[in-house]
Amino acid sequence: MNMVSARKPALEKVMTEFGNSFSVKHYKDPSPHEKPPFWHFHPEIEMVFVKGGSGKRHIGNHLSYYQSGDLVLIGSMLPHTGFTDRLTGNESETIIQFNNDCFGADFFGLEEMQDIQQLLQRAKAGIAFQGRAKQEIGARIEKLVKLDRFAKLIELLCILQDMAWTEEYVILNA
């Protein structure tokens with residue numbers, strides 16, 4: 001077992017902006033984090049798009065490297081480190097965090113949400129998206145910050161649906 005996963009992960013408190021049920025953060029600075037990536041977990045599901053650059057991906061027991069950016073979906077309470085630092089060389093990073101019940105207690109249990117519910121089940125092991133899915137979905141994730149609250153919510157659901165439908169992904173902790 002490597003040194004990072006031997007340490008106990010820290011609980012991170014995720015805050016949403018007033019009037020929003022989920023968090024969208026966009027960092028144009030290639031190294032927005034003052035401290036090195038730390039081993040942490042949180043109850044929120046996390047979607048991370050790193051535009052460009054290369055770095056280390058540590059999610060659960062999975063450790064690998066990405067190139068030409070990254071798009072991952074991390075399930076609730078799954079320990080992970082951050083994805084960028086001063087050496088990554090990425091153009092930007094966008095992070096979306098939401099609770100499984102942020103749209104209502106049974107929302108993802110609706111029949112219409114079945115594909116997304118299955119995606120969120122797979123995300124408990126961590127998912128890395130590849131190919132065109134990574135590029136196309138990633139570009140849409142970056143545009144979320146410019147949308148109004150309602151359009152942002154609708155587009156997040158559309159992004160989740162596209163993630164559920166694509167076959168261009170790898171489960172990280174099989």
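**A walk from pocket to sheet**

Strand S5, residues 55-59, gives the most to the lining of the second largest pocket, putting in three residues. Keep in mind as you look around that this is a predicted model. The pocket itself has a volume of about 250 Å³. Its lining takes in 15 residues, and those nearest the centre are Pro37, Lys56, Thr81, Gly82 and Asp85. If you sort the lining of this second largest pocket by character, you get five nonpolar residues, seven polar ones and three charged ones.

Now move over to the sheet. Six strands make up an open sheet, and reading across, the order is S2-S8-S4-S7-S9-S10, with antiparallel pairing. At the edges sit strand S2 (23-27) and strand S10 (169-171), each of which pairs on one side only. Going from strand to neighbouring strand in this sheet, the average turn is 15 degrees, direction ignored.

Let's zoom in on the S10 edge. Strand S9, residues 127-129, runs antiparallel to S10, and three bridges join the two. One residue to click on here is Phe129, whose bridge partner in S10 is Tyr169.

Two helices pack on this sheet. Take helix H2 (residues 114-123) to begin with: it touches strand S4 (45-51), strand S7 (70-74), strand S8 (92-98), S9 and S10. The direction of H2 makes about 110 degrees with that of S9. Helix H4, spanning residues 149-165, packs on the sheet too, and it touches S2, S4, S7, S8 and S9. For H4 the angle is given against S4, and the two directions make about 85 degrees.

Helix H4 also holds two residues that deserve a look of their own. Lys152 is in this helix. Is Lys152 buried or exposed? It counts as buried, because its relative accessible area is 15%, and the cut-off for that label is under 20%. As for its surroundings, leaving aside residues up to four places away in sequence, Lys152 touches Phe22, Val24, Leu144, Val145 and Leu147.

Trp165 is found in helix H4 as well. Why does Trp165 count as exposed? Its relative accessibility is 58%, and exposed means over 50%, so the label follows. To place Trp165 relative to another part of the chain, try Ala133: the two are 32 residues apart along the chain, and their C-alpha atoms are separated by 10.0 Å.

Technical notes. Residues numbered from 1 in each chain as written. Predicted model: local features only at pLDDT ≥ 70, side-chain atom pairs only at ≥ 80, totals over all residues. Heavy atoms only, no water. Pairing = 2+ DSSP bridges. Helix = DSSP H or I, 4+ residues; strand = E, 2+ residues; numbered from the N terminus. Axes fitted to C-alpha atoms, helices over the stretch in contact; angles between N-to-C directions. Contact = heavy atoms within 4.5 Å. 1 Å grid on protein atoms, 1.4 Å probe; cavity = no way out; pocket = protein on both sides within 12 Å on 5 of 7 lines; lining within 4 Å. Points joined across faces, edges and corners; volume = space filled by probe spheres on them. Nonpolar A, V, L, I, M, F, W, Y, C, P; charged D, E, K, R; others polar. Buried < 20%, exposed > 50% of the residue type's maximum accessible area, 1.4 Å probe, protein only.
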